[in-house]
Amino acid sequence: MIGEYARVTPAELDRALGDPEWALTLVSARREAEADAGPQPVPTCCLDIDKAWDALGFLLRRAAFPVDIVHGEEPVPGADDWGYGPPRYLTPEQVQKAASALAEISGDELTAGVGPADLAAAEVYPAIVWERGEPLDYVREYYEQLRPFLCAAAEQGDAVLMWLG
């Protein structure tokens with residue numbers, strides 16, 4: 001299971017909320033186009049945070065983060081399963097709130113005082129990684145990719161769709 005994100009305009013979010021199949025087609029086309037274009041130096045319209053999603057959710061809840069940037073705040077009504085459940089979303093206002101909060105928390109601050117044993121004890125996915133004692137560098141790296149992605153979305157007034165694929 002990997003955490004996936006797609007930036008959408010407010011108009012695209014409105015359409016997605018009424019037509020989730022259209023949204024899946026839109027997101028799939030954008031992901032494919034970005035994959036074909038190769039690595040980009042700036043945040044793109046799509047992002048995957050690999051298997052770091054659950055650890056990030058755990059750490060952000062621990063930090064009392066004001067917006068659920070891992071699972072989204074609302075489900076897309078009537079959406080089918082996009083992998084491991086239907087997509088969820090953040091409105092442009094929620095993205096703005098998240099971006100402001102992200103500016104205050106570095107990856108080092110987010111993971112301070114937490115080790116692999118804490119994640120293993122909390123049964124954070126993928127548990128085997130934390131049971132082996134892997135450091136949280138992997139989680140910090142994905143957090144540091146998620147920050148500019150969401151900040152770019154906020155700057156453009158975008159909403160964000162997210163799902164587990």
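## A tour from strand β5 to the cores

Start by selecting strand β5, residues 159–164. This strand is mostly covered, with six of its six residues buried. Keep in mind that the model you are viewing is predicted.

Now show the side chains of β5. In a regular strand, side chains alternate between the two faces of the sheet. Colour Ala-159, Leu-161 and Trp-163, which belong to one side of β5. Give another colour to Val-160, Met-162 and Leu-164, on the other side. Both faces are covered, and these residues are all buried.

Next, look at the partners of β5. Select strand β1, residues 3–8. β1 and β5 pair in the antiparallel sense, over six bridges. Find Tyr-5, which stands opposite Met-162 of β5.

Then add strand β4, residues 88–90. β4 and β5 also run antiparallel, and three bridges join them. Stop at Arg-88: its bridge partner in β5 is Met-162.

Move on to helix α4, residues 92–102. Which residues of α4 are buried? Select Pro-92, Gln-94, Val-95, Ala-98, Ala-99, Ala-101 and Leu-102. Against what do they pack? Show α1 (10–18), β4, α8 (137–156) and β5.

Zoom in on Gln-94, one of the buried residues of α4. The side chain of Gln-94 reaches the backbone nitrogen of Thr-91 at 2.8 Å. Not counting residues up to four places away in sequence, Gln-94 touches Val-67, Glu-73 and Tyr-89.

Zoom out to the nonpolar cores. How many residues does the largest one have? The count is 39. Select Tyr-5, Leu-56, Phe-65, Ile-69 and Trp-130, the residues with the most contacts inside this core. The elements that give two or more residues to the core are α3 (53–62), α4, α6 (116–121), α7 (127–131), α8 and β5. Highlight α8: the largest share, eight residues, comes from this helix.

Centre the view on Ile-69. Leaving aside neighbours within four places in sequence, Ile-69 is in contact with Tyr-5, Leu-60, Leu-90, Ala-98, Leu-102, Leu-146, Leu-150 and Met-162. Two names here are familiar from the strands: Tyr-5 stands opposite Met-162.

Finish with another core, of 15 residues, which lies apart from the largest one. Select some of its members: Ala-6, Leu-13, Ala-79 and Leu-161 are among them. Leu-161 takes you back to β5, where it shares a side with Ala-159 and Trp-163.

Key:
Residues numbered from 1 in each chain as written. Predicted model: local features only at pLDDT ≥ 70, side-chain atom pairs only at ≥ 80, totals over all residues. Heavy atoms only, no water. Helix = DSSP H or I, 4+ residues; strand = E, 2+ residues; numbered from the N terminus. Polar contact = N/O pair within 3.5 Å; in protein donor to acceptor, adjacent residues only side chain to side chain. Contact = heavy atoms within 4.5 Å. Buried < 20%, exposed > 50% of the residue type's maximum accessible area, 1.4 Å probe, protein only. Pairing = 2+ DSSP bridges. Core = buried A, V, L, I, M, F, W, Y, C linked by side-chain atoms within 4.5 Å.
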